[in-house]
Amino acid sequence: MPERPTFIPIAKPRLGQEEEIAAARAISSGWVTQGPEVAAFEREFAAAVGASYACAVSNCTAALHLALLVLGVRPGDEVITVSHSFIATANSVRYCGARPVFVDIQPGTLNLDPTLVEAVITPRTTALLCVHQLGMPCDLRALFDIARRRSIPIVEDAACAVGSEILWNGAWEKIGKPHGDIACFSLHPRKLLTTGDGGMLTTTNARHDARFRLLRHHGMSIQDTLRHSAAQVMFEEYTDLGFNYRMSDIQAAVGREQLKRLPGNIERRRLLARRYGEQLRDISELGLPAEPDWARSNWQSYYVRLPDGCNQKQLMQDLLDRGIATRRGVMCAHREPAYPVDSWSCGTRREECGCTGRNCRRLAESQRAQETGIMLPLYDALNESDQDRVIGELRWSLARQFQT
Ligand SMILES: *Cc1c(COP(=O)(O)O)cnc(C)c1O
C-alpha cells in the first residue's frame, strides 16, 4: 500500500526547548502572574517594533477593548471599521456599547478602503479601527491624513501584523510604532509570535499606557510587584472600573523566546510567499496577493482569489482529502447571527441601503473576498517539497473543476 502523505496544516506555531526552559524559569522563580517577565517582555517587544510603550494583556480582544475605552469610546458612539475581519475586531466596539460602522475593503489587499471613510464620518464617530488583515499593512498614510483632519483617533488592529513594515516618511518602519494612536497585537498560536494566548498594546502616549496598566489590573492603584516588595504596609485603591486582562509571567517568558525567533520566521515566510507567487503565476484566473510598494507583509497567511465560478468548498475538500488544510476567506461580522441588523451600520440608513443581514450592497467586496478566496498553508517549518505538494494539488483540483 502506498504510504499516506503527511498532513499539511494551515499553520503551525514554532515552539521549542527554549520556550520550555523559559516557562520553567518563570515557574521555578515562584512569581507566575504579571511580574518581572512581563515587564521584560514589554521592553523587548517595544524595542522590536519601535514603540515608546508596550503593555501586555491577556489577548488582542482585550487589547482592542482597552484601546477603544482609553480613547473615550462610550455607549451610543460610532467606530468606523471593517466587517471583513475576525469577529473580535467588531466585538470590541460593541463591548464599549458603541456601534461598528462597516466600510468595504479593497479587493487587492483585503484592507479597509480609505476612499470610503469620509462619507461615513458623523458627529458620533469617536474612533477609526483599521485592520492590517492577514499581516498586510493597510493604507495608514491615507487613513492618517483623514483622521488628523477630522480629529478622529486611530486604533490599529495589528493582531496579525507583528513584524510587518510600512514605508513612512521615506523609511521602513514596523507596524506598532504605532502610526495611528494605539496598535493592538495578538499572541494567539495562529499568529507569528505566540504565548499560548496573549496580547500587546503599543503607543507613543505615556498617558494612554498608564491607563492600559490601570485597567488591565482591576483599576487597582498599586501594582502587585510594588506591594510585595514594600517595607511598609500599603493599601490599594480602585480608581476605575477595571478588568482582569493580565498576562502571566509564564506566558511572557515564552514570548521573550518567541521574539528572538521572529526575524527568522518572517524571512522564511517571505521566501515561501515569493515561491507561491512564482509557481502560481501562470494560472491566470487565480488572484495572488501583492504588496503595495509601501508595504511589506509578514505573510501571516497567504490568500488566493479563486477563478470565477470555482466551487470554493469543493476545492477545499479536494485538498483536505489529499491531506492539505486550507481555510476560506476571512469572515464578515455583519453576516453572523451575533450581528443583528440593528447592531451595526453600513453608514447609510437601512431604508436607503435595503440590505439584509447576510447581504449588504455596500460591503460587496468584503462578501466576495469571503466567498471566493482561500488561505493556503504557510508557516516557517513548511518545507519546499510540502509546498510543492500544495501547489500541485491545487492545480489538480482546479483542473478537475474547469476541464470537465
Ligand atoms: C486573531 C485576531 C484577533 C483576536 O486576537 P485574540 O488574541 O485571539 O483575542 C483580532 N483581530 C484580528 C484581525 C485577528 O486576526
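**Loops, pocket and ligand**

Author: Pro178 has its place in the loop between strand S9 (171-174) and strand S10 (182-186), where strands (E, at least two residues) and helices (H or I, at least four) are DSSP runs numbered from the N terminus. The model is a predicted one, in which local features need pLDDT of at least 70 and side-chain atom pairs count only at pLDDT 80 or more, while totals for chains, interfaces and linings use all residues. Residues are numbered from 1 along each chain as its sequence is written, and side-chain values use heavy atoms, with hydrogens and water left out.

Reader: What is the omega of the peptide bond that joins Lys177 and Pro178, and is this bond cis or trans?

Author: Omega is about -10°, and the bond between Lys177 and Pro178 is cis. Leu134, in the loop between strand S6 (125-131) and helix H5 (140-149), has a positive phi near 60° although it is not a glycine. Most residues other than glycine have a negative phi, and most peptide bonds are trans.

Reader: How do you know that the ligand sits in the largest pocket?

Author: A pocket is an open set of points on a 1 Å grid over the protein atoms alone, with protein on both sides within 12 Å along at least five of seven lines, whereas a cavity is a set where a 1.4 Å probe fits but cannot get out; lining residues have an atom within 4 Å of a point. A molecule sits in one of these if more than half of its atoms lie within 2 Å of its grid points, and the ligand therefore meets that condition for the largest pocket.

Reader: What makes up the lining of the largest pocket, by class?

Author: The lining has 11 nonpolar, 11 polar and six charged residues, around about 600 Å³ of space. Of its 28 residues, Phe86, Cys160, Arg190, Lys191 and Gln300 are the closest to the centre of the pocket, and the largest share from an element, three residues, comes from H3.

Reader: Why are the pairs that the ligand makes with Cys60, Ser186 and Lys191 called polar contacts?

Author: A polar contact is a pair of N or O atoms within 3.5 Å. A ligand oxygen is 2.9 Å from a polar backbone atom of Cys60, another pair puts a ligand oxygen 2.7 Å from an N or O atom in the side chain of Ser186, and a polar side-chain atom of Lys191 lies 2.6 Å from a ligand oxygen, so these three pairs fall under the cut-off. The protein covers 91% of the 380 Å² of accessible area (Shrake-Rupley, 1.4 Å probe) that the ligand has on its own.

Reader: Which residues lie nearest the centre of the largest cavity?

Author: They are Lys12, Pro13, Arg14, Lys191 and Arg269, from a lining of 13 residues that divides into four nonpolar, three polar and six charged. About 70 Å³ of space lies in this cavity.

Terms used. A polar contact is a pair of N or O atoms within 3.5 Å; within protein, one must be able to donate a hydrogen and the other to accept it, and residues adjacent in sequence count only if both atoms are side-chain atoms. Grid points are joined across faces, edges and corners, and a volume is the space filled by probe spheres set on the points. Ala, Val, Leu, Ile, Met, Phe, Trp, Tyr, Cys and Pro count as nonpolar, Asp, Glu, Lys and Arg as charged, and the others, Gly among them, as polar.
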